[in-house]
Amino acid sequence: MESEKIIKPANGYLMLTVFFLSFFGSIVAAIKYENPVFLIITFIALVLSFGFILVNPNTSKVVLLFGKYIGTIKQNGLYWANPFYTKRKISLRASNFDSERLKVNDKLGNPVMISTILVWRVTDTYKAAFDVDNYENFVRVQTDAAVRKLASMYPYDNFADDGHEEDITLRSSVNEVSETLEKELEERLAIAGIEVLEARIGYLAYAQEIANAMLKRQQATAIVAARHKIVEGAVSMVEMALEELNKKDIVDLDEERKAAMVSNLMVILCGDKDASPVLNTGTLNH
């Protein structure tokens, strides 16, 4: 199996000088000496002109001779080679690819919309040119396949209340998920001689048919968590109030009045609305 071979053809500027001298010199000679034989040199010069190869920075030229791989020119500049060579340009620049939003099922079976942003470049021109049919289309197809596989490996979010508590999720574990995606893409794109510079999730959301239900569930989870904190704080404040009353001997409360006081304080501290005070004009015994 062949691999990439770097070549450096002849200096193009020298051959450009030879071309101009032979091309225009033969025309002048044919006119001066009125001999059409010199036009043969003109024709040969025109044929040789097809051998010039211009390589721009961060690009390459894959060179073939009648279907046989000769090598790859990666150093930028003007070169000259066999005029019968076939040249194919392959960019070595970093390319950015933003995939389409795909509807896939996560690990728990929930439909989600997901897309990825991929930064890649060609490192092996032989593999990119000959081991795959179209390396740019190959990148797009393999990226979609990798994203589908990634989404099925992790849940969108943790649902501890359902017994599905995961260490890594698509929503919260950005670094871990990106590393897994990069590794998966590197394995898939290695056959095309492509290096993955960066891969990360560009868009992530629940699919439209369950988005409202999941939003309500997240809101309910947040409300429950907030209520839990409020109750913890309220219990602590009631306990502190009873301790201070007993310590300073402000009022002597029996168990029934303590229970009533605790109930009133818990209602005030845990209620959604402001409490409406009720004035008691009697005594503690009435």
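What share of the 286 residues of the protein counts as buried? The answer is 33%. Keep in mind as you click around that this is a predicted model.

**The whole chain**

Start with a cartoon view. You should find seven helices and ten strands. Switch on the surface and you are looking at about 18500 Å² of exposed area, with carbon and sulfur atoms supplying 56% of it. As for how the chain meets itself, take the contacts between residues at least 6 apart in sequence: 67% of them join residues at least 24 apart.

**Stop one: the phenylalanines**

Now select Phe19, Phe20, Phe23, Phe24 and Phe52, and show their side chains. Ring pairs link these five into a cluster. Across the protein, the count of aromatic pairs comes to ten. Zoom in on Phe19 and Phe52 to see one of them: the arrangement is edge-to-face, with 6.3 Å from centre to centre and 80° between the planes. This pair ties together distant parts of the chain, since Phe19 belongs to helix α1 (residues 12–33) and Phe52 to strand β2 (residues 52–55), 33 residues apart. Phe19 has 15% relative accessibility, so it counts as buried.

Shift along to Phe23 and Phe24. Their ring centres are 5.1 Å apart and their planes meet at 85°, so this pair is edge-to-face too. Is Phe23 buried or exposed? Buried, because its relative accessibility is 17% and the cut-off is under 20%. Phe24, at 45%, counts as partly exposed.

**Stop two: a three-strand sheet**

Hide the rings and pick out β4, β3 and β6. They make an open sheet in exactly that order, β4-β3-β6, with antiparallel pairing. The edges are β4 (68–73) and β6 (86–91), each of which pairs on one side only. Look across the sheet and you can see neighbouring strands turned against each other by 25° on average, ignoring direction. Zoom in on β3 (residues 59–65) and β6: six bridges join these antiparallel strands. For a landmark, select Lys61, whose bridge partner in β6 is Lys89.

**Stop three: the β8–β9 hairpin**

Next, select residues 102–105, which are strand β8, and show the side chains. Which of them point to which face? They alternate: Leu102 and Val104 go to one face and are buried, whereas Lys103 and Asn105 go to the other and are not. Add strand β9 (residues 111–122), which runs antiparallel to β8 and is joined to it by four bridges. Val104 has Val112 of β9 standing opposite. The two strands form a hairpin with five residues between them. Click on Gly109 in the turn and check its backbone: phi is positive, about 90°.

**Stop four: a charge over a ring**

Select Arg101 and Tyr203 together. The charged end of Arg101 sits over the Tyr203 ring, 3.6 Å from the ring centre.

**Last stop: Glu195**

Finish in strand β10 (residues 194–206), where you will find Glu195. With 30% relative accessibility, Glu195 counts as partly exposed. Which residues is Glu195 in contact with, leaving aside its neighbours within four places in sequence? Select Val119, Trp120, Arg121 and Thr123 to see them. Then draw a C-alpha to C-alpha distance from Glu195 to Glu182: the two are 13 residues apart in sequence and 10.0 Å apart in space.

Terms used. Residues numbered from 1 in each chain as written. Predicted model: local features only at pLDDT ≥ 70, side-chain atom pairs only at ≥ 80, totals over all residues. Heavy atoms only, no water. Buried < 20%, exposed > 50% of the residue type's maximum accessible area, 1.4 Å probe, protein only. Contact = heavy atoms within 4.5 Å. Areas by Shrake-Rupley, 256 points an atom, 1.4 Å probe, with all protein chains shown as cover. Phe/Tyr/Trp six-rings, centres within 6.5 Å; stacked < 30°, edge-to-face > 60°. Lys NZ or Arg CZ within 6 Å of the ring centre and 35° of its normal. Pairing = 2+ DSSP bridges. Axes fitted to C-alpha atoms, helices over the stretch in contact; angles between N-to-C directions.
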